[in-house]
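Visitor: Could you take me on a close look at the helices of the smaller partner here? I work at the bench, so please keep to what the model itself shows.

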Amino acid sequence: MNDQVAAGNSADAQADYRVLVVDDDPDMVAFLVLLLQGEGMAVDTAANGESALMHVMRAPPDLVLLDVMMPGASGFDVCRRIKGDEATAMIPIVLVTALEDGENRVRGIEAGADDFLSKPVKREELIARVKTLRRLHDTRKELESRRLAAEVQRKEAIRKAFSRYISPRLAERITAEAGEHGDPFQGRAQRTSVVALFADLRGFTRLTEQNEVGAVVAMLNEYFAVLTETAYQHDGTIFNMAGDSLLVGFNVPFPQPDAAERAWRTALEMVARFGPVAASWQQRHGLTVGVGIGMCAGEAIIGNVGSTHYASYTIIGNPVNTAARLMQMAAAGEVLVCGPLYERIRHLVPAGRAATRGDVTLRGKSESIPVFAVSAGAREQA
Amino acid sequence: MTENIHTVIISKDLADLIPVFFRNRQKEVEALRSALAAGDFEQLRQLGHRMKGVGNSYGFAKVSEIGKRVEDDAGAANKTAIDACIGEYADYLSKVQIVYE
């Protein structure tokens, strides 16, 4: 019998348990095929070790019945190679042998064989052993599918938890790269280059003074919806939301070679998209409001900070403090940018829209830094 | 002429395989004779080993028994004993009678 899917059983294609019979004796192959098909199993055959290995790589079976004494690669060699490959190591192998001595049994065990069957083959013994291995196979499959279901559930929980901070795309990437245990941000504490963007609402104090609590909350929700959607659109990570201010980081938790450009586009779009909202508030409440933004780039520490009771994914460092100070100085519709970051984005700033503020000593800072102000009107295209 | 007939009871689900099985046994006799004439004891040992494995799997205990003797005698390079085994094997194949149940 040539290497082939054993013919003659119409149920073969539907069988969910596939056995590969490897033997150079066609009569032995025919005998084993008949018995296994009689048990409702699909059977493929190979007449030597080399074609058996090719078959296993191409279409891994659920069980291999493997003759030991064959021309070319012996059953021991084939067994060792199947068990030595991570992709096929879990496939059970039964060595079918007329070698009775203990030494050969030991060689089989050393090669990784799961069970032995003596030749001449007793059909009752063959069927009993194969059925046992099939039960084990079914149990393992069931456990594996449960494990996969639990894994999907776990990743979904992580994705949901972190989608509060990051864009859905970034959440997908983090969960895809998450290891077997723990949250994906664990152990990611690191010092890295970041771009920090702070935005807040100019005119917020008047807004809270002139409106009922319910109205203030609704307006803040409207404002934050615009800002968070914009941050997510550019794959920014939201680190903090307090009062009317929002802190967004770029180049974290994954590298973004175009972090500066992303931050710049985010800032412009925040101002532009909030324009219609501000106009509507002006009309409804007589309020003059706008978004002021501060941005800075530099080294910062990123990681989970807190206790077992409360922790948050946090960004700490000079660029964050500087961005916060710049945000406080920024007028409505204005983006203040620290010097080094401005150098990285100046090619994107339309002519006549930027002005230097010279070297500025920020509150709480001993040294002055160059600051640039960019006017980002509501009609600015991001 | 019934005294030398060897009756073997075989499971009827093997019936379709038996004609090919016997053709291969006849070829095996020829292969044994050729290997013995060539003094190829390794080939004889392998043929004996195969007979031992397949014979009683189908229900032909005698084939396995002769096969084991051929394998052992080949290991001992005992030409005379192997020659006797081949004769016995050929005789057995010519007289075996199968009953399916």
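Guide: Happy to. Helices and strands here are DSSP runs, a helix having at least four residues and a strand at least two, numbered from the N terminus. Please keep in mind that this is a predicted model.

With those terms in hand, chain B can be read from its N terminus as β-α-α-α-α-β. That gives 4 helices and 2 strands. Chain B has 101 residues, of which 33% count as buried. Among its contacts with a separation of 6 or more, 56% join residues 24 or more positions apart.

Let's begin with H2(B), the helix of residues 41-58. Its 18 residues should span 26 Å at 1.5 Å a residue, and the end C-alpha atoms are indeed 26 Å apart, so the two values agree. H2(B) is also mostly covered, with 13 of its 18 residues buried. Right after the helix comes B:Gly59, which has a positive phi near 110°.

Next is H3(B), residues 61-75. This helix has 15 residues and reaches 21 Å from its first C-alpha to its last, close to the 21 Å expected at 1.5 Å a residue. Its buried residues are B:Val63, B:Ser64, B:Ile66, B:Gly67, B:Arg69, B:Val70, B:Glu71, B:Asp73 and B:Ala74. What do these buried residues of H3(B) pack against? They pack against H1, H2 and H4 of chain B. Just after H3(B), B:Ala77 takes a positive phi of about 55°. As background, most residues other than glycine have a negative phi.

Now put H2(B) and H3(B) side by side. Their axes come within 7 Å and cross at roughly 155°. Angles over 145 degrees count as roughly antiparallel, and H2(B) is therefore roughly antiparallel to H3(B). The crossing of this pair is left-handed. From H2(B), the residues that meet H3(B) are B:Phe41, B:Leu44, B:Arg45, B:Leu47, B:Gly48, B:His49, B:Met51, B:Lys52, B:Gly55 and B:Asn56. On the H3(B) side they meet B:Ala61, B:Val63, B:Ser64, B:Ile66, B:Gly67, B:Lys68, B:Val70, B:Glu71, B:Ala74 and B:Gly75. By class, this contact has 9 nonpolar, 7 polar and 4 charged residues. Several names turn up in both lists for H3(B): B:Val63, B:Ser64 and B:Ile66, for instance, are buried and also take part in the contact with H2(B).

The other pair to look at is H1(B), residues 18-38, with H4(B), residues 79-95. Here the axes lie 10 Å apart and the packing angle is about 160°. H1(B) and H4(B) are therefore roughly antiparallel to each other, and their crossing is left-handed. H1(B) brings B:Arg25, B:Gln26, B:Val29, B:Leu32, B:Arg33 and B:Leu36 to the contact. H4(B) answers with B:Lys79, B:Ile82, B:Asp83, B:Ile86, B:Tyr89, B:Ala90 and B:Leu93. Sorted by class, the contact has 8 nonpolar, 1 polar and 4 charged residues.

Chain B also has a partner in this model. The contact between the chains takes 12 residues from chain A and 15 residues from chain B. On the chain A side, the residues that touch chain B divide into 8 nonpolar, 1 polar and 3 charged.

For context, chain A has 11 helices and 14 strands. Of its 382 residues, 39% count as buried. Residues 24 or more positions apart make up 67% of the chain A contacts with a separation of 6 or more.

Two backbone details in chain A are worth finding on your screen. The peptide bond from A:Lys119 to A:Pro120 is cis, with omega near -5°, and A:Pro120 lies in the loop between strand S6 and helix H5. A second cis peptide bond joins A:Val252 and A:Pro253, with omega about -10°; A:Pro253 is found in the loop between strand S9 and helix H9. That loop also holds A:Asn251, whose phi is positive, near 75°. A:Asn251 counts as buried because it has 23 C-beta neighbours inside 10 Å.

Terms used. Residues numbered from 1 in each chain as written. Chains lettered and ligands numbered in written order. Predicted model: local features only at pLDDT ≥ 70, side-chain atom pairs only at ≥ 80, totals over all residues. Axes fitted to C-alpha atoms, helices over the stretch in contact; angles between N-to-C directions. Parallel < 35°, antiparallel > 145°, perpendicular 65-115°, else oblique. Left-handed = near helix turned anticlockwise from the far one by under 90°. Contact = placed C-beta atoms within 7 Å. Nonpolar A, V, L, I, M, F, W, Y, C, P; charged D, E, K, R; others polar. Expected span 1.5 Å × (residues − 1). Buried ≥ 20, exposed ≤ 12 C-beta atoms within 10 Å, placed from the backbone.
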